[in-house]
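Visitor: I'm new to reading protein structures. Could you walk me through this one, a question at a time?

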Amino acid sequence: MNLASLDLNLLVALRALLEERNVTRAGLRVGLSQPAMSAALARLRHHFSDQLLVRQGSRYELTPLGTALLAPAATASAMLERLFASRADFQPATEQHEFTLLSSDYGIAVFGVRLARLLHREAPGVRLHFRHVTPEIVEHAGTALGGVDGMLMPHGVVSDLPAVELYRDEWVCLVADDHPEVGERLTMDDLARLPWVIYQRPFDAPVTRQLTMLGLDPYVDVTVQSFQLLPALVAGTRRVAMIQRRLADLLRDLAPVRVLPCPFEAVSLREALWWHPVHTHDAAHVWLREMAARVAADLL
């Protein structure tokens, strides 16, 4: 595909049409008249050899291709917006700017809070927006990172993208303070016998991957989209969980639980800030990475 032959204004129209599913509303959104938006839709239909929007009764529905284009159109628009907003210089003391980072609540609690505190001191006009990272985003990290400034994620999940190394962490186990079946140490038999609470879906949770490699198929009776809720979901139950030591230290007093070593050599964590190469030479992003490195130095 020769980009020089494409009218990139059609990307704006495509995104509006797919999200609004209405020619009139899409035109109002991007400042085009209804005839102009109808003409844009006709050009898009010709380009894709697909109707994209089809009338169903009193409303429009997306075709299968239209549905498939919905997320990529939004990502491509966000990437272009960030590309053309790039600056040759960045003055943190006076700039009005927003950075968006993808992260789990673990990354925010251990690293993001410190980063937000530093940015507040160094650049009062800079805003920091955190978005929860989902398994779907991780599966398509290269695409997702085009529309944001970065993602806090350990090595082993993302690859082939630039990154700033942040800090190391290790996995530990949690059980209730008064757990009647666990003594001073956990055993592999305990892990196989006790019910689990884990972060994310069982088949892609980092804990499940480690245990499966050991030949252990854990019985998971609770899953949650928050690492910080693990202690509360373990307290007062027979459950066991694995959590990062740095986060366990932060949450130590929030629930009656014990922190115990894992009864196997758990793979340690190397947390990093990952970004799309389109941001590498942007002055604002360079400054953000410098701030991240400063925070990381305090976590060593």
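Guide: Let's start with a word we'll need: a residue is called buried when its relative accessible area is under 20%. Keep in mind, too, that this is a predicted model.

Visitor: Then what share of the residues in the chain count as buried?

Guide: The chain has 300 residues. Using that cut-off of under 20% relative accessible area, the share that counts as buried is 45%.

Visitor: How many helices and strands does the chain have?

Guide: The C-alpha trace spans about 75 × 50 × 30 Å along its principal axes. Within the chain, the tally is 12 helices and 12 strands.

Visitor: In the open sheet of five strands, what is the order?

Guide: The pairing in this open sheet is mixed. β4 (126-132) and β6 (163-169) each have a single partner strand, so they stand at the edges, with one side left without a neighbour in the sheet. From one strand to the next, the twist averages 20°. Read across, the order is β4-β3-β5-β12-β6.

Visitor: Which helix packs on the sheet?

Guide: Look for a helix that touches β3, β4, β5, β6 and β12. Its direction makes about 175° with that of β4. Residues 105-122 form this helix, and its name is α5.

Visitor: How many bridges join β3 to β4?

Guide: These two strands run parallel, and one bridge pairs Phe99 with Leu128 in β4. The chain gets from β3 to β4 through α5, in a right-handed β-α-β crossover. The number of bridges joining β3 to β4 is seven.

Visitor: Which residue in β5 does Leu101 stand opposite?

Guide: Strand β3 covers residues 97-103 and strand β5 covers residues 150-154. They pair in the parallel sense over two bridges. Opposite Leu101, in β5, you'll find Gly150.

Visitor: Is Ala141 buried or exposed?

Guide: Ala141 sits in helix α7 (residues 141-144). Leaving out residues up to four places away in sequence, Ala141 touches Met151, Val158 and Leu161. Its relative accessible area is 10%, and the cut-off is under 20%, so Ala141 is buried.

Visitor: How far apart are the C-alpha atoms of Ala141 and Trp275?

Guide: Along the chain, Ala141 and Trp275 are 134 residues apart. In space, their C-alpha atoms are separated by 9.2 Å.

Visitor: Which feature does UniProt place at residues 6-63?

Guide: That span is 60% helix and 14% strand, and its end C-alpha atoms lie 22 Å apart. The UniProt entry is unreviewed, and the feature it gives there is "domain: HTH lysR-type".

Terms used. Residues are numbered from 1 along each chain as its sequence is written. This is a predicted model: local features need pLDDT of at least 70, side-chain atom pairs count only at pLDDT 80 or more; totals for chains, interfaces and linings use all residues. Side-chain values use heavy atoms; hydrogens and water are left out. Two strands pair if DSSP finds at least two bridges between them. Helices (H or I, at least four residues) and strands (E, at least two) are DSSP runs, numbered from the N terminus. Axes are lines fitted to C-alpha atoms, for helices over the stretch in contact, and angles run from 0 to 180 degrees between N-to-C directions. Contact means heavy atoms within 4.5 Å. Buried means under 20% relative accessible area, exposed over 50%, partly exposed in between (1.4 Å probe, protein chains only). A crossover is right-handed if, with the strands pointing away from the viewer, the path from the first strand over the helix to the second runs clockwise. UniProt positions are given in the numbering used here, feature names are shortened, and annotations may be inferred rather than shown by experiment.
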